Every structure is written in C-alpha cells, then in structure tokens.
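Visitor: I would like to learn how to read charged side chains in a protein model. Could we take it slowly, one feature after another?

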Amino acid sequence: MNIFENYLSKINKIVLDNKKILKLTILENLDNINLEVPPDHFNYDLSSNVSLVLAKTNKQNPINLANHIKDLLIQNIKHFEKIDIAGPGFLNIKLSNQGLLENISEILKDKNTYGSKKTNKTYHIEFVSANPTGPMHVGHCRGAIFGDVLSNLLLFNGNKVIKEYYINDYGSQIKYFVESVFLRIREIKFKKKFILRDNLYPGDYIKEIAKNIIKKNGNINIENFDKCFDELKKLSLQESMTLIKDDLKKLGIKHDNFFSESDLVNKDLVKKSVKILKDKNFVKEGYLDPPKGETPKNWKKIKRLIFKSTVFGDDTDRALQKDDGSWTYFANDVAYHSDKINRNYDNLINILGADHTGYIKRITAAVSALSNEKVKLNCKVCQLVKLYKNNKPFKMSKRAGDFISVQDLLNEVSKDSIRFMMLNRSNDVELDFDFEKVKEKTKDNPVYYVQYAYARINSIVRTLKISLKDEISIDTKSFKLNEYEEKILRKIFEWPKVIESAAYKFEPHKIPFYLYELATLFHSYWSKGNEDINLRFIENGKLKRNETLIFIYLISIVIQNGMNILGVSLPEKM
C-alpha cells in the first residue's frame with residue numbers, strides 16, 4: 001500500500017480526463033509529476049508539482065492552472081479535504097479523516113508486507129568473495145552486510161534473490177597460503193622453525209588451521225610441498241572456508257551458493273568464454289601499451305589475447321593472458337560472469353571493496369559483450385571503514401596477523417550494532433566506526449535509539465495487557481489527531497517510498513536513516529507527556545486516547561519490517 005502511488009494515479013487520470021477543460025495539448029511529461037510530503041511548516045499531508053510541470057510545456061500560468069486542477073481534484077477525490085496553492089504553483093493537500101482512516105486500515109491489514117511493492121524480478125548478488133586465505137576482516141565486513149541487507153530488501157519487495165560467494169581459490173595467493181599452512185604443520189610436527197618470507201601468512205589462525213588438519217588427517221604426508229600441494233590445498237581451503245562461514249554466521253549472513261574459481265578453470269570455462277568473445281569479434285591478438293610511468297624502451301612487448309573493452313566504454317583494452325600465456329584474473333572473472341549470464345537472472349549485482357573501483361569498467365564491458373548488451377551488471381563499491389576506540393585508531397589483532405578481524409569487532413560490540421552502523425552511511429563514503437559511541441545508550445547511538453523506541457512501545461502494551469499481534473478497532477466518530485500524531489503518520493506514509501527508492505537505487509542505507517527519524521519523532525512525542533499531562537499515553541494504567549494505540553501499532557509495524565530487512569533484533573525490554 002503506497003498512498004503516493006494511489007493518489008498520483010488518480011491525479012493523472014483526472015488530468016487526462018479533463019485535458020480539454022484544462023486546455024492541455026502536450027501531456028508527454030506526465031512522468032515528471034510527483035507527489036511528496038511537504039515541509040512540516042505547511043502542515044499538509046501531500047504536495048504535488050502537477051501544475052508546474054504541465055504549465056511549462058503548455059505555456060500556461062502555473063497559478064491559474066493550479067486553481068483549475070485544484071477544483072477538479074476536490075470534486076473527484078473524496079479523500080482530499082482541502083488544497084492550498086503554495087509558492088509558484090505547488091498543490092498542498094490535506095486528507096480528510098475518512099482518507100486517513102482508510103489508509104491506516106490498509107496498513108494494519110497488510111502489516112507484514114507494508115512498504116513492499118512486489119516487483120517480481122530475479123537478482124543474483126555476489127558479495128564478500130574474498131581470497132579464502134583466512135578469517136574475514138573489517139574490509140570484508142561492510143560489503144558483507146551491505147550485500148546481505150540489499151538481498152533482504154529485494155526479497156521484501158517480492159523478488160527472488162540468489163546470494164553468492166565467489167571463492168577465489170586459484171592463483172599465487174592461494175599457493176602462498178597453502179605454503180604457510182605447510183610450514184606451520186612442519187613446525188608443529190617436526191619442530192621446523194617457521195621462517196617468515198614475503199607473501200607468506202603470519203597470523204596465528206594459520207597455526208589453528210595447521211592443528212586442525214593434523215588432528216583430522218594424521219597420516220598426511222608433508223615431506224615435499226609440491227607432491228602434497230593438491231591434497232593440502234583442499235584441506236587448507238576447507239578449514240579456511242569454515243572460518244569464513246563461521247564469521248558470516250556470527251554476522252547473521254548465509255549465502256545460497258559458493259562458486260569455486262578453481263572449478264571454473266578446471267572445467268575449461270575460461271577458454272569457452274574467450275571463444276564466445278572471439279566469435280563476436282571482441283578479442284584481438286596484439287600488444288599492450290606500456291603501463292603509466294613505464295618508459296617504452298623498458299617495456300617488453302609480448303603478443304597475447306586482448307579483450308576490446310574500449311568498445312563498451314572502458315578506458316583501455318584488457319589483457320586476457322599473462323606474459324607466460326596463462327589466463328589473467330580478469331579472464332577467469334569473464335568466465336564467471338559468462339556463467340552468471342547463462343543462469344538467466346534479470347539483474348546482476350556485484351558488491352566490491354574500495355580497492356576494486358578501477359575494475360568496474362572492464363567487467364561491465366565484458367558482461368555487455370557476452371550478453372549482446374542485454375544484461376546489465378550493477379557494481380556497488382563499499383568504501384573503507386575506520387575503527388576507533390577511546391578516540392584512537394583500533395589496533396589489529398595478533399591472531400589475524402596484519403588486519404582487524406570480524407571476531408575483533410564482535411569482541412567489542414554486538415552483531416546488531418555492527419549490522420546497523422555499517423549501513424549508517426552511504427556505501428560510497430568512508431565510515432568512521434566508534435566503539436564507544438555504539439555502546440552509548442543515548443540519541444547519538446542510532447541502533448539503540450530505534451531499538452529503544454520498540455521497547456517503549458512494548459512497555460505500553462504490557463501495561464495495557466494487550467499484544468502487538470492483536471487486532472485493534474478504530475473509533476471513526478471520535479478520531480482526531482494532534483500535531484505530533486500528524487507528523488508521525490506522515491512519516492509512516494513515507495515508508496513505501498523509502499523502500500521503493502532504496503530498492504531501485506540499491507541504497508539500503510536509506511532504511512536506518514528513516515528508522516532513526518521515525519524513532520526520533522516517537523521519542524519526542526513520548527517526552528511531551530512529561531511537559532503536558534494531556535499528551536501522556538497512559539493514566540492510571542489505562543489508555544487515554546484510542547489514537548495513541550493506533551500510532552504505536554503503526555510505528556511498531558514499520559520498525560519491525562525495517563529491522564527485519566536490516567537483520568537487527570528488536571528486544572522488547574531494554
């Protein structure tokens with residue numbers, strides 16, 4: 001239920017039905033007409049730019065046109081009690097009590113789905129996708145939560161969503177990781193000192209992996225690294241992915257699929273994907289230009305296969321082969337995205353870390369080439385997270401080696417705080433995460449403030465000995481709102497617009513922003529009862545006004561739906 005969509009469709013129909021009366025000859029720009037909540041100082045429920053949009057293209061005076069449209073809307077839409085013309089021609093609309101009550105009834109009837117638009121599309125969302133060389137760190141955490149909440153948001157909107165983790169288990173980093181495990185096993189079994197070299201992994205978690213492998217595979221032969229590599233790689237990756245999945249579980253995240261890069265290479269999917277591009281004439285055999293800063297005379301020219309990504313807007317064409325003729329990481333990624341395309345999703349979304357910004361153009365070019373520009377790949381980059389404790393940068397743990405792990409975060413603050421606060425800024429800006437502020441029980445801690453609003457609502461229903469699951473009746477004859485309830489109701493009416501915008505633009509951070517604003521309105525209204533006895537919710541254990549019960553139910557519906565999308569719990573007592 002979206003009152004803005006409902007009333008806007010009625011406004012557009014009235015305009016079309018009365019175009020001759022309104023002297024409108026050009027109506028191609030109806031899509032530019034909108035319906036919004038006006039600023040608070042106007043004290044109206046809705047505001048439309050309809051006369052401004054139509055007056056401009058039809059060369060009319062917007063105020064005169066507004067007056068004519070105003071009369072037609074009052075006559076034809078029974079819920080429109082009063083319309084005022086503001087500024088250059090905006091129509092500010094006041095809903096009647098009947099209009100408010102009917103919309104409230106719709107929300108209460110569809111409470112579990114209020115805000116959902118039911119778009120019925122399929123989405124493939126790839127997120128985390130880190131090298132499986134150890135436990136998750138903060139750099140993965142923000143993207144992991146972003147991807148999970150975006151998935152929840154799209155699911156809430158009636159879509160089918162597949163959450164996938166692409167396991168980068170192929171290449172030099174994996175070899176160094178397995179070698180680190182190999183050396184730790186030899187250190188444990190044969191007292192061979194672990195000598196740290198460049199590219200090896202020093203973290204204590206490598207010792208844990210080594211111990212687990214020894215415990216589960218007592219007969220493993222580790223005399224020669226090359227001979228035991230394949231078996232040790234398999235065992236090391238199993239242990240590492242167990243660590244990663246455990247971290248994800250602690251954050252409340254569960255993927256539907258885990259796709260192995262090694263399987264992709266072993267099944268020769270890279271060669272097949274390159275052939276597809278060759279057949280489309282998007283691959284050439286040639287030479288790369290020297291990298292920036294490299295002088296031409298020092299640059300060794302080696303012939304290789306190159307993808308013509310500039311055809312699709314990339315800055316330069318991209319190598320599919322390394323100097324030794326083996327496939328590049330990009331070639332493997334092309335094959336992976338070819339597989340995604342063949343699975344026939346309506347939308348592909350990649351959640352990337354801050355260090356992958358430069359990778360977007362080439363991979364979106366590859367998807368365009370592979371799909372004949374029929375499939376669009378959306379890439380969302382999550383910028384860095386800076387952690388602070390006691391006003392100082394938070395230090396890395398010994399267990400991790402050279403990064404701050406997810407477990408470090410969870411040792412400091414709850415999963416709820418991490419999930420909410422990782423979305424408390426837009427993904428494309430850096431995020432400062434202050435442990436002390438997240439622990440505060442004040443308005444400055446957004447997750448606490450929203451949870452506290454829900455806990456306060458539950459304290460009311462406990463006092464009244466009722467349940468938020470109960471159906472409530474509305475006394476239509478005595479229904480009358482005060483100014484605080486009007487503001488809250490307008491904010492509640494906005495919820496479907498927030499969901500629509502957040503889902504359409506892949507911007508889940510809009511949800512915690514909105515929930516904090518709604519919670520602030522509620523807490524402010526609650527506090528007014530301390531100043532004015534007439535605004536108290538309960539007196540002598542009884543509800544003073546039926547309208548109050550309606551509003552706490554409406555607020556609880558939106559907070560529950562919003563926090564379910566965020567994957568954040570709602571304690572009934574705090």
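Guide: Let us begin inside one helix, keeping in mind that this is a predicted model: Lys 491 and Glu 494 both belong to helix α17, which covers residues 483-504, and they are three residues apart, about one turn of the helix. Their side chains meet in a salt bridge, with 3.6 Å from N to O.

Visitor: How do I read the surroundings of such a pair, and is Lys 491 buried or exposed?

Guide: The general idea is to compare the relative accessible area with two cut-offs, since buried means under 20% and exposed means over 50%, with partly exposed in between. Lys 491 has a relative accessibility of 12% and therefore counts as buried, whereas Glu 494, at 23%, counts as partly exposed.

Visitor: Which side chains meet in a salt bridge in helix α18?

Guide: There the side chains of Glu 531 and Lys 528 meet, again with 3.6 Å from N to O. These two residues are three apart in helix α18 (residues 510-531), so about one helical turn separates them. Glu 531 is exposed, with a relative accessible area of 61%, while Lys 528 is partly exposed at 23%.

Visitor: Where in the chain do Glu 430 and Lys 386 lie, if their side chains also form a salt bridge?

Guide: For this pair the N to O distance is 3.1 Å. The bridge links distant parts of the chain, with Glu 430 in the loop between α14 (415-421) and β15 (431-434), and Lys 386 in strand β13 (residues 385-389), 44 residues apart. Both are partly exposed, Glu 430 with a relative accessible area of 40% and Lys 386 with one of 36%.

Visitor: Which residues are linked in a network of salt bridges?

Guide: Glu 5, Lys 117 and Glu 500 are linked in this way. Over the whole structure there are 31 salt bridges.

Visitor: How many positive and negative side chains does the protein have?

Guide: There are 92 positive and 73 negative side chains, and the centres of the two sets lie 2 Å apart.

Visitor: What should I look at when I step back to the whole protein?

Guide: You could start with the elements, which are 19 helices and 17 strands, and then turn to burial, where buried residues make up 52% of the 574 residues. Finally, consider the contacts between residues at least 6 apart in sequence, of which 72% join residues at least 24 apart.

Definitions and conventions. Residues are numbered from 1 along each chain as its sequence is written. This is a predicted model: local features need pLDDT of at least 70, side-chain atom pairs count only at pLDDT 80 or more; totals for chains, interfaces and linings use all residues. Side-chain values use heavy atoms; hydrogens and water are left out. Helices (H or I, at least four residues) and strands (E, at least two) are DSSP runs, numbered from the N terminus. Buried means under 20% relative accessible area, exposed over 50%, partly exposed in between (1.4 Å probe, protein chains only). Contact means heavy atoms within 4.5 Å. Lys and Arg count as positive and Asp and Glu as negative; His and the chain ends are not counted. The place of a charge is taken as NZ of Lys, CZ of Arg, CG of Asp or CD of Glu. A salt bridge is a side-chain nitrogen of Lys or Arg within 4 Å of a carboxyl oxygen of Asp or Glu.
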